[in-house]
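Dear colleague,

I am passing on to you the structure that we spoke about, together with some notes on what was found in it. Please look it over before reading on.

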Amino acid sequence: MHDPRKKRRIITFIITILLLVVVFFYGLTTGSVKVSYSEVWQTLMGHGDDLSTQLIWNLRLPRMFLAFLVGSALAIAGCLLQGVMRNPLADPGVIGVSAGGGLVAIVLTIVLPTLSQFVPLGAFLGAFGTALLIYAVAWDKGVAPLRVILSGVAINAFIGAMTSGIMVLYSNRVQSIISWMTGTLSGKSWYHLNLILPYMLVGFVLSIFAIRSSNVLLLGDDAAKLLGYSVEKHRFFIIMLAAFLSGVAVSVAGLIGFVGLVVPHIFRLIIGNDYRYLLPMSAIGGALLVGFADTAARSWFGSIELPVGILLAMIGAPFFLFLLQRGRVAS
């Protein structure tokens, strides 16, 4: 029997991949210095001049790859959390995981500036540690999704207060951390890409093993137990995996929000809730969104480079409100 969803999934996949390729080449040609597509191609093939090689190979190419990796990681994290919590508002930024990474990064940057080289590692450990804290606080003979959400919101508020307090106490040093707090890929290079690539690959591979568990947990705890699943074990694995991915992303890009909130919703409306398709499409969609937003942030505002997190919030918040108004945000 003909399945209309299968055709929709194939069309969506093809369109998203084509848009990703377009954004990739658009990002390499666009910026304060324009480069033609032919120059980009020649440079990628190893035949570019010194200027185009420096501009494309050393500056724009690693930044574009980083944008894709960060976007994919945040979208996968949001997608996993929304499924395991059965809550459309579950997202690393909302439940406090990203804020935990941000707090450690701020401490290392403006309180202990001699340790600022450990910001990526500290941000990752902060995000991961916050996820463990949320899980521990929410534990009561098991972990109910609503308890995790509420614990995360409370811890997020507490971390936000600590962050604001530190910024007030060290107001003379705040300038160095503002762009990181709003989420930015400015100044990132092959070093940063090589730093997070192994961790990203581990997270992406582990997310494949989370697909079946996510589909089963969508049925509810009772149904999952009837199917022989250890609900707490699988839920803990998925939450920690989401924290791992968002922690790695935060470690290099700062506090980028709304990617994990909006992207899974878009594809859920188009291709359904089956994680065999939703998770990989969210990964591609996250890469597309952050890649496009970062290119726009650094090239559409004249000589000013806007932090990508600000632009993503400007795009994501109205879109999410639109979905909410239309009643299309569903668990």
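The notes below cover confidence, the packing of some helices, and two single residues.

This is a predicted model, in which local features need pLDDT of at least 70 and side-chain atom pairs count only at pLDDT 80 or more, while totals for chains, interfaces and linings use all residues. Residues are numbered from 1 along each chain as its sequence is written, and side-chain values use heavy atoms, with hydrogens and water left out.

The protein averages a pLDDT of 85, and 96% of the residues score at least 70 (pLDDT is the predictor's confidence in each residue, from 0 to 100). Among the elements, helix 13 (residues 275–299) has the highest mean pLDDT, 94, and helix 7 (residues 175–182) the lowest, 77; helices here are DSSP runs of H or I with at least four residues, numbered from the N terminus.

Helix 4 (residues 97–111) packs with helix 5 (residues 119–138) at an angle of about 140 degrees, their axes being 7 Å apart (axes are lines fitted to C-alpha atoms over the stretch in contact, and angles run from 0 to 180 degrees between N-to-C directions). That makes helix 4 oblique to helix 5, where angles under 35 degrees count as roughly parallel, over 145 as roughly antiparallel, 65 to 115 as roughly perpendicular and the rest as oblique. On the helix 4 side the residues in contact (heavy atoms within 4.5 Å) include G100, V104 and L108, and on the helix 5 side they include G122, A123 and A131.

With helix 6 (residues 145–169), the axis of helix 4 comes within 9 Å and crosses at roughly 15 degrees, and the two helices are therefore roughly parallel to each other. Among the residues that meet here are L103, I106 and I110 in helix 4, and I159, M162 and I166 in helix 6.

Two single residues may also help you to find your way. M240 is found in helix 11 (residues 231–253) and, at 8% relative accessibility, counts as buried (under 20% relative accessible area, with a 1.4 Å probe and protein chains only). Not counting residues up to four places away in sequence, M240 touches F128, A131 and L132. S214, in helix 9 (residues 211–217), has 1% relative accessibility and therefore counts as buried; with the same sequence neighbours left out, S214 touches L80, I238 and Y275.

With best wishes

Definitions and conventions
Buried means under 20% relative accessible area, exposed over 50%, partly exposed in between (1.4 Å probe, protein chains only).
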